[in-house]
Amino acid sequence: MIDKKTWDDAFNLAKAQVRHGNADYSDLRSVTEEIYKQMIDIKDVPDTYDVTPTSAQNKRLASSDSKFKHEVVNGKVRCAICGKLFKSISQNHLNTHENILRDDYMIKYGVNDKEMQGTIERHAKTGDDNSLTILSYVMKEYNLKRAEAKPFVIKQGFTDLVDLMAQAKEKGISALELLKEKVPVPKKKKE
Ligand SMILES: [Zn+2]
């Protein structure tokens, strides 16, 4: 009879092996079995704690039979299964590929959560990471021309935009909020 908890532990360890490129996704089940057997043995002999699966010893790169590569192109992310570009790879999209789970996709192609999003999506969520975005905010809020925005930021005591962004991040506020603490936004001109 299978020890469910041990099996789950073995499965998690096997997934980690695949994630780290020590085993192929297609071997997930056999690696799990291997680890499981070792864990069961360990239960009998509690002094040995070598749970390294033998397949981890010949290190292989996580490979896939897909002709596409999971990659970011022009801020979008390419689905390694169909090769199409998206702002992010969603479960909805993966459902069109024989209902592969997002987690399984990530294991199979060796990508993390962040890499499931293109940079377009990431900047949309955390616009503060992009100095050009901040520059455009500053220009808009303070009614400045592009060439004026950077000297304006420096005048407020920052080395440059990146410095402003770093200081804002430290305070846990947006770059614009920090700037507004120094210089209130001028009243909008009537047009
Ligand atoms: Zn796809």
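Is F152 buried, exposed or partly exposed, and how many other C-beta atoms lie within 10 Å of F152?

**View 1. The surroundings of F152 in helix α7 of the predicted model.** F152 is partly exposed, because 17 other C-beta atoms are found within 10 Å, whereas a residue would need 20 or more to count as buried. Leaving aside residues up to four places away in sequence, F152 touches V138, Y142 and L144. F152 and M139 are separated by 13 residues in sequence, and the distance between their C-alpha atoms is 9.6 Å.

**View 2. The contact of helix α6 with helix α7.** The axes of α6 and α7, the latter spanning residues 146–155, come within 9 Å of each other and cross at roughly 95 degrees. The two helices are therefore roughly perpendicular to each other. From α6 the contact draws on L135, V138 and M139, while α7 supplies R146, A149, F152 and V153. Sorted by class, the residues in the contact of α6 with α7 are six nonpolar, no polar and one charged.

**View 3. The contact of helix α6 with helix α8.** Helix α6 covers residues 131–141 and helix α8 covers residues 161–171; their axes come within 10 Å and cross at roughly 95 degrees. This crossing makes α6 roughly perpendicular to α8, since angles of 65 to 115 degrees count as such. On the α6 side, S131, I134 and L135 meet L161, V162 and M165 of α8. The class composition of the contact of α6 with α8 is five nonpolar, one polar and no charged residues. L135 of α6 thus appears in this view and also in the contact of α6 with α7.

**View 4. The contact of helix α8 with helix α9.** The axes of α8 and α9, where α9 consists of residues 175–182, come within 8 Å and cross at roughly 95 degrees. It follows that α8 and α9 are roughly perpendicular to each other. The contact involves L164, M165, Q167, A168 and K171 of α8, together with A175, E177, L178 and L179 of α9. Six of the residues in the contact of α8 with α9 are nonpolar, one is polar and two are charged. M165 takes part here and is also one of the α8 residues that meet α6.

**View 5. The open sheet of three strands.** The strands are arranged in the order β1-β2-β3, and their pairing is antiparallel. At the edges are β1 and β3, the latter comprising residues 85–86, and each of these pairs on one side only. Between β2 and β3, which run antiparallel, there are two bridges. R78 has L85, in β3, as its bridge partner. In general, the strands of a sheet pair through backbone hydrogen bonds, in either a parallel or an antiparallel manner.

**View 6. Two asparagines with positive phi, N74 and N99.** Although N74 is not a glycine, its phi is positive, at about 50 degrees. N74 is located in the loop between β1, residues 72–73, and β2, residues 76–78. Because N74 has 8 C-beta neighbours inside 10 Å, N74 counts as exposed. N99 is likewise not a glycine and has a positive phi, of about 55 degrees. The loop that holds N99 lies between α3, residues 91–94, and α4, residues 102–108. N99 counts as exposed because it has 9 C-beta neighbours inside 10 Å.

**View 7. The chain as a whole and the confidence of the prediction.** The chain contains nine helices and three strands, which follow the pattern α-α-β-β-β-α-α-α-α-α-α-α along the sequence. Of its 191 residues, 19% are buried. Among contacts between residues at least 6 apart in sequence, 46% join residues at least 24 apart. The mean pLDDT of the chain is 79, with 80% of the residues reaching 70 or more. Among the elements of the chain, α3 has the highest mean pLDDT, 94, and helix α5, residues 119–125, has the lowest, 54. Over residues 46–64 the pLDDT is below 50, and this stretch has 31 contacts in the model beyond near neighbours in sequence. Where pLDDT is low, predicted coordinates should not be read in detail.

How values were computed: Residues numbered from 1 in each chain as written. Predicted model: local features only at pLDDT ≥ 70, side-chain atom pairs only at ≥ 80, totals over all residues. Axes fitted to C-alpha atoms, helices over the stretch in contact; angles between N-to-C directions. Helix = DSSP H or I, 4+ residues; strand = E, 2+ residues; numbered from the N terminus. Parallel < 35°, antiparallel > 145°, perpendicular 65-115°, else oblique. Contact = placed C-beta atoms within 7 Å. Nonpolar A, V, L, I, M, F, W, Y, C, P; charged D, E, K, R; others polar. Buried ≥ 20, exposed ≤ 12 C-beta atoms within 10 Å, placed from the backbone. Pairing = 2+ DSSP bridges. pLDDT = per-residue confidence, 0-100.
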